[in-house]
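Visitor: I have a structure open beside its sequence and would like to be guided through some of its details. Could we take them up one at a time?

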Amino acid sequence: MAEAMGAMRRTHYCTALTEQDAGKQVIVAGFAQRQRDKGSLIFIDLRDRSGILQLTFDDATERAVFDKAKTVRSEYVLMAEGIVRLRESVNPDIPTGRIELYVTGLKILAEAQTPPFHIGDDNVGDEIALKYRYLDLRNPRMQENLYRRHRIAQVTRQYFYENGFWEIETPMFMKSTPEGARDYLVPSRIHAGKFYALPQSPQIYKQLLMVSGMERYIQLARCFRDEDLRADRQPEFTQIDMEMSFVDVEDILQMAEGWVQQLMKEIMGMELPMPLPRLTYRESMERYGTDKPDTRYGMEIQDLSELVKGWAFPVFAGALEAGGSVRAIVAKNAASALTRKEIDKLTEHARGIGAKGLAYVRWVEDAPSCSFGKFLEEGQLDALLNALSCEKGDVVLIAADKDKVALPVLGQLRGIAAKKLDIIPEGYNFLWITEFPFFEYDEEAQSYTAMHHPFTMPLDECLDQLFTDPAAVRAKCYDLVLNGVELCSGSMRITDYALQQKMFEALGLTDEEIEAKFGFLVNAYRYGAPPHGGMAIGLDRISMILCGAESLRDVTAFPKVQNASELMSECPSPVDPSQLEELHIRLLEEAGKER
């Protein structure tokens, strides 16, 4: 039976006690990790959020306390009073392994059923762990992850406060401006047939704060996007949102680098050299086949187009004639791991993401095996291997197509091969990607769309190309990448009213569309807007990486699963018909019944 706390009050967390506390009378509280009954001796491992402390009971313990200890089972909630003393048998695996609490008073604050899995077991299936998330969160690994996330948020706030930023909240109910991911919509009870949108980001509001003269804004903003989930994506997430006035790109990058430097020092105990490396978008695509490369290992993409020009292999010749290129990566010492069967799997993967196929050279025996060898003249294979610095034991993977196909395909294969070969070292490689294309071409719509948002400032030298050569326009845009994961995206903003109107025109937006989606922001520019820019940093993603986690679920207290549901509370769920009526909503199936 549970007992009231009475006069007992906790004096210490478990791992706050050390050998220097021997002889002290203390009170601790937590969950029973396990109980070991040795007859005349009982041990209970007490767990709180700081760690584990051994409670000890023996023949000299008051009988009522000893008998109560015999009834304790896993996950009982306890409060124990006693004397700290040195242990006879040391446990080097826990911080308190040299001490124990000799218990003189014990209270059972809550009994517990046998849990569906052992607390601390990291091999519990996702479905049952998330159904009983409140138990899964008792796992010390999960508590450590959430504590580290808390510390990241704490260091972040302190850094930006010290640099003159004000933390300002922006609305959670806002106007829907659908572009990119779908909005989550909230129906209005008062305004029948109208909807609020939950923010995909506070983008427009933070720009308005710069127009308002706030100059430096920061917010740990909750954001919502109705899109398919993956390991590094949740429908609701937190971003470190910042904006600065009277600055240009360099000021923003330096401010962000200071944050990275302080964060890594305080959270990971690491000194990062500054400034961080930079690549333009084009350089990143040419070398790594992605705008978020993992630069902890090599295997960079190499261009074979000039070398193979005029060769008889139809795949190479066709790609070059169509304005494409021939690109390759070399997996060093990979011939034993990348068997013919494994290369066939890579080829199928390449086809699945748009490639027509994959050519390869696999050098196992004295003579390399080449998938297109019958098309080559004498000396051409040697020339190719020499150009790639390929040696015995290596594997060459080649894609021939338009750059927008060949580069991303090899970028993905580079990552797959690196994991297969286990060549990715530990460490943290931060990298800036700059000068993104302003426009991207939509094949279906046969028109150009904004690669980011329509308020992004083009590079000054590209302004004359807005209408004459949209594909060549580059933006004052930048991403921060860590170990192949995009951490943040940001840009300088257009603040000139006339230029913004030209940009809308280049994107094919009508006056009616501009007014409906962005009218209040565009009108604000008429009253004077300072030059400004900013970025949004993924708090969840950097927490995931710094915790060494594989998924955002491991750094999110109550995450959603693949179908955007939450298994513990079983949301989303039906609601009472009267609630729908208040919101002027009728479900399609109900409307169909009335027809």
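**A helix, a sheet and some rings**

Guide: Just after helix α11, S389 takes a positive phi of about 55°. Please keep in mind that this is a predicted model.

Visitor: Which residues of α11 are buried, and why can they be said to line one face of the helix?

Guide: Helix α11 spans residues 380-387, and its exposed residues D382 and N386 lie on the other side from the buried ones. Seen down the axis of α11, the buried residues fall within an arc of 135°, so they line one face. Those buried residues are Q380, L381, L384 and L385.

Visitor: Against which elements do the buried residues of α11 pack?

Guide: The partners of these buried residues comprise one helix and strands, with contact meaning heavy atoms within 4.5 Å. The helix is α8 (305-308), and the strands are β14 (359-362), β15 (369-370) and β16 (395-401).

Visitor: In the open sheet of eight strands, which are the edge strands?

Guide: The sheet has mixed pairing, and its order runs β6-β9-β10-β22-β21-β20-β17-β11. An edge strand here pairs on one side only, and that holds for β6 (166-167) and β11 (278-280).

Visitor: In which sense do β10 and β22 pair, and which residue of β22 stands opposite M244?

Guide: Strands of a sheet pair through backbone hydrogen bonds, either parallel or antiparallel. Strand β10 (residues 236-245) and strand β22 (residues 532-538) pair over seven bridges, and the sense is antiparallel. Opposite M244 stands G533.

Visitor: Is the aromatic pair of F313 and F372 stacked or edge-to-face?

Guide: The count of aromatic pairs comes to 14. For F313 and F372 the centres lie 5.0 Å apart, with 10° between the planes. Planes under 30 degrees apart count as stacked, so this pair is stacked.

Visitor: What kind of pair do F316 and F372 form, and are these two residues buried or exposed?

Guide: With 5.2 Å centre to centre and 65° between the planes, F316 and F372 form a pair that is edge-to-face. This pair links distant parts of the chain, as F316 is in helix α9 and F372 in the loop between β15 and α11, 56 residues apart. Because buried means under 20% relative accessible area, F316 at 1% and F372 at 1% both count as buried.

Visitor: Over the face of which ring does R414 lie, and at what distance from the ring centre?

Guide: Two such arrangements can be described here. R10 lies over the face of Y13, at 4.3 Å from the ring centre. R414 lies over the face of Y297, and its distance from the ring centre is 4.0 Å.

Notes: Residues are numbered from 1 along each chain as its sequence is written. This is a predicted model: local features need pLDDT of at least 70, side-chain atom pairs count only at pLDDT 80 or more; totals for chains, interfaces and linings use all residues. Side-chain values use heavy atoms; hydrogens and water are left out. Buried means under 20% relative accessible area, exposed over 50%, partly exposed in between (1.4 Å probe, protein chains only). Helices (H or I, at least four residues) and strands (E, at least two) are DSSP runs, numbered from the N terminus. The arc is that of the directions from the helix axis to the C-beta atoms. Two strands pair if DSSP finds at least two bridges between them. Rings of Phe, Tyr and Trp (its six-membered ring) pair if their centres lie within 6.5 Å; planes under 30 degrees apart count as stacked, over 60 as edge-to-face and the rest as tilted. A charge sits over a ring if NZ of Lys or CZ of Arg is within 6 Å of the ring centre and within 35 degrees of the ring normal.
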